[in-house]
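Here is a walk through one chain, written for someone who would rather look at side chains than at statistics. Keep the viewer open while you read.

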Amino acid sequence: MRGGINLNWQLDIYRQLRNARDAAGQRFNVALERRNYFITRLVADVAENYFRLMALDKRLENLNLTIELQERSLEIAQALKEAARITELGVLRFQAEVRKNQSEKLIVNQDIVVTENRINFLLNRFPQPVERVSAGFYELNINRLSVGVPSQLLQNRPDIRQAERDLAATGLDVKVARVNFFPQLVISGGTGLASLVINHLFEPQAVIGTFASGLVGPLINKRSIRAEYLTANARQLQALYTYQRVVLNAFTEVVNRLSMVEKYTASIELKKQQMAALEASVEVASNLFQNARVEYIDVLLAQRDLRDARGTLIDTKVEQLVAIVNTYQALGGGLLSNPNGAVVPNQNPYIHTVSSGETFRTISQRYYESERYSKALWAANKTAIPDPDRLTVGDKIVIPPADQLDQSLIDVGPAPASARPETGPGNEPAIIPPPLPPPASLPSPFGEPETKDPAVKATGGTKPSAASPNPATRK
């Protein structure tokens with residue numbers, strides 16, 4: 001009877017095992033970046049459909065206003081016909097226009113139902129009405145887009161970080177494959193029981209052990225190892241080209257969307273002026289038609305032009321809002337997995353959720369890199385937390401910029417770094433390391449001289465309801 005345990009140890013002389021471990025870690029981070037990209041795209045889709053839903057409400061309102069004008073003109077046309085001042089043709093044309101817009105109302109109502117259900121699907125809930133406030137749609141503003149150097153902002157994009165980590169992982173795979181050409185030092189050992197008689201199997205004399213070491217070299221499978229090495233090199237080259245394509249696509253995408261925001265904003269102002277002129281022309285045409293000074297066709301054309309102008313303004317406004325949403329998503333969507341990433345915007349103080357064991361001193365050190373701001377930070381949150389020594393898990397702490405704190409409560413010391421979030425999505429500690437720098441040989445916009453991009457001013461706005469997450473809000 002025999003029984004035992006055999007163990008083998010391979011000494012990591014060439015860092016093969018550690019490189020394989022690091023490559024697996026990079027691929028785990030790639031999976032996390034895919035999740036982050038899905039979150040940013042989901043938030044952008046919900047916000048985009050919400051704004052399109054508001055636009056449909058305004059389109060329905062536009063049709064109602066147009067029908068009201070045309071019904072009033074129809075009454076005038078019928079009165080003028082009875083007075084023998086116009087023919088039956090004018091009455092029929094106004095009736096046709098009223099029926100046409102009433103038919104379009106049904107189609108718009110159907111589009112509203114479809115858009116609401118699309119939002120419900122994205123939010124993983126059954127069909128139901130979506131709460132919204134569409135009254136101030138034309139004046140709706142989103143937080144102003146202040147864009148600095150795109151090469152810094154693009155580092156927040158999950159697809160770029162994913163490509164960087166994939167490139168790093170393939171580089172480690174090449175090192176792992178190269179080590180297979182060299183001899184490997186393997187140490188083996190074992191212990192067990194051996195006896196010819198089962199009754200003496202567990203006696204001390206039956207215990208045996210072995211220990212050996214040796215060099216294992218690639219003698220027979222050299223061609224297989226060479227094929228694996230060449231495959232790893234090919235994958236690294238593919239990852240390099242993928243990284244170049246992703247960076248170039250991201251840079252182009254951001255520039256295009258920033259240009260869209262700027263152009264649509266300017267176009268909206270011009271269309272508002274056009275609509276004001278058309279509203280005046282409809283009023284003048286209606287008054288002249290009532291006094292039989294113009295033909296019915298002039299009133300019809302004026303009303304139709306006003307309806308079309310309102311529809312075009314609605315379309316332009318929604319495209320502007322969608323462009324802003326997509327710009328936020330193109331710049332990373334607010335997901336800051338890198339602790340050394342962008343700073344907290346001055347106009348939107350960061351909200352920190354207290355974890356176990358945290359105090360105002362540790363939170364001050366975390367965000368301002370100094371404990372001397374702890375008193376001023378507590379003063380900024382004194383209303384919600386009266387006692388600074390009694391923080392509980394789950395408390396919400398507002399982290400304003402350092403220049404907005406009470407300067408008299410700040411201890412004397414060196415100036416802090418800008419307050420910045422050190423957490424990933426959901427206010428949980430980030431586990432993703434800082435992104436790797438792009439390869440020096442990569443011809444990308446990152447290699448250009450650093451320049452300051454022009455800031456794009458978007459129109460400002462009302463806060464959407466709870467069913468529509470603000471695309472500028474950090475998720």
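## How the chain is laid out

Starting at the N terminus, the elements follow the order β-α-α-α-α-β-β-α-α-β-α-α-β. That adds up to eight helices and five strands. Bear in mind that you're looking at a predicted model.

Of the 475 residues in the chain, 40% are buried. Take the contacts with a separation of 6 or more: 82% of them come from residues 24 or more positions apart. As for the outside, the chain exposes about 26,400 Å², with carbon and sulfur atoms supplying 56% of that area.

## The nonpolar cores

The largest nonpolar core holds 43 residues, and Phe51, Phe94, Phe137 and Phe289 have the most contacts inside it. At least two residues of this core come from each of helix 1 (16-82), helix 2 (88-122), helix 5 (222-290) and helix 6 (296-330). Helix 1 is the top contributor to this core, with 15 residues. A second core lies apart from it and has 17 residues, including Tyr350, Leu377, Trp378 and Leu405.

Phe289 is a good residue to click on. Leaving aside residues up to four places away in sequence, Phe289 touches Ser73, Ile76, Ala77, Leu80, Ile86, Phe94, Val294, Glu295, Tyr296 and Val299. Among those partners is Phe94, another of the residues with the most contacts inside the largest core.

## A polar residue under cover

Now move to helix 2, where you'll find Asn101. Is Asn101 buried or exposed? Its relative accessible area is 0%, so Asn101 is buried. The side chain of Asn101 reaches the backbone oxygen of Glu97 at a distance of 2.9 Å. With residues up to four places away in sequence left out, Asn101 touches Leu63, Thr66, Ile67, Gln70 and Arg307.

## Salt bridges across the chain

The structure holds 20 salt bridges. Here are three of them, with the N to O distance for each.

| Basic residue | Acidic residue | N to O distance |
|---|---|---|
| Arg161 | Glu33 | 2.9 Å |
| Arg52 | Glu319 | 3.7 Å |
| Arg132 | Asp57 | 2.4 Å |

Glu33 and Arg161 form a salt bridge that links distant parts of the chain: Glu33 is in helix 1 and Arg161 in helix 4 (residues 158-179), 128 residues apart. Which side of the buried cut-off does each partner fall on? Buried means under 20% relative accessible area. Glu33 has 0%, so it is buried. Arg161 is at 1% relative accessibility, so it counts as buried as well.

Arg52 and Glu319 also meet through their side chains in a salt bridge. This pair again links distant parts of the chain, with Arg52 in helix 1, Glu319 in helix 6 and their positions 267 residues apart. Arg52 has a relative accessible area of 29%, so it is partly exposed. Glu319, at 26% relative accessibility, counts as partly exposed too.

In the third pair, Arg132 forms a salt bridge with Asp57. Arg132 sits in the loop between helix 2 and helix 3 (150-153) and Asp57 in helix 1, so the pair ties together parts that are 75 residues apart in sequence. Arg132 is partly exposed because its relative accessible area is 23%, whereas Asp57 counts as buried because its relative accessibility is 17%.

Some bridges share partners: Arg41, Asp45, Glu48, Arg52 and Glu319 are joined by them into one network.

## Two loop residues to look at

First, the loop between helix 2 and helix 3, which contains Asn124. What is unusual about its backbone? Most residues other than glycine have a negative phi. Asn124 is not a glycine, yet its phi is positive, at about 60 degrees. With a relative accessible area of 71%, Asn124 is exposed.

Next, go to the loop between strand 1 (2-10) and helix 1, where Tyr14 is found. Tyr14 has 32% relative accessibility, so it counts as partly exposed. Together with Leu11, Ile13 and Phe182, Tyr14 makes a nonpolar surface patch of about 340 Å².

Methods:
Residues are numbered from 1 along each chain as its sequence is written. This is a predicted model: local features need pLDDT of at least 70, side-chain atom pairs count only at pLDDT 80 or more; totals for chains, interfaces and linings use all residues. Side-chain values use heavy atoms; hydrogens and water are left out. A nonpolar core is a set of buried Ala, Val, Leu, Ile, Met, Phe, Trp, Tyr and Cys residues joined through side-chain atoms within 4.5 Å. Buried means under 20% relative accessible area, exposed over 50%, partly exposed in between (1.4 Å probe, protein chains only). Helices (H or I, at least four residues) and strands (E, at least two) are DSSP runs, numbered from the N terminus. Contact means heavy atoms within 4.5 Å. Patches are made of residues with over 30% relative accessible area and no salt bridge: like charges are joined within 9 Å, nonpolar side chains (Val, Leu, Ile, Met, Phe, Trp, Tyr) within 5 Å. Accessible areas come from the Shrake-Rupley method with a 1.4 Å probe; for residues, only the protein chains shown count as cover. A salt bridge is a side-chain nitrogen of Lys or Arg within 4 Å of a carboxyl oxygen of Asp or Glu. A polar contact is a pair of N or O atoms within 3.5 Å; within protein, one must be able to donate a hydrogen and the other to accept it, and residues adjacent in sequence count only if both atoms are side-chain atoms.
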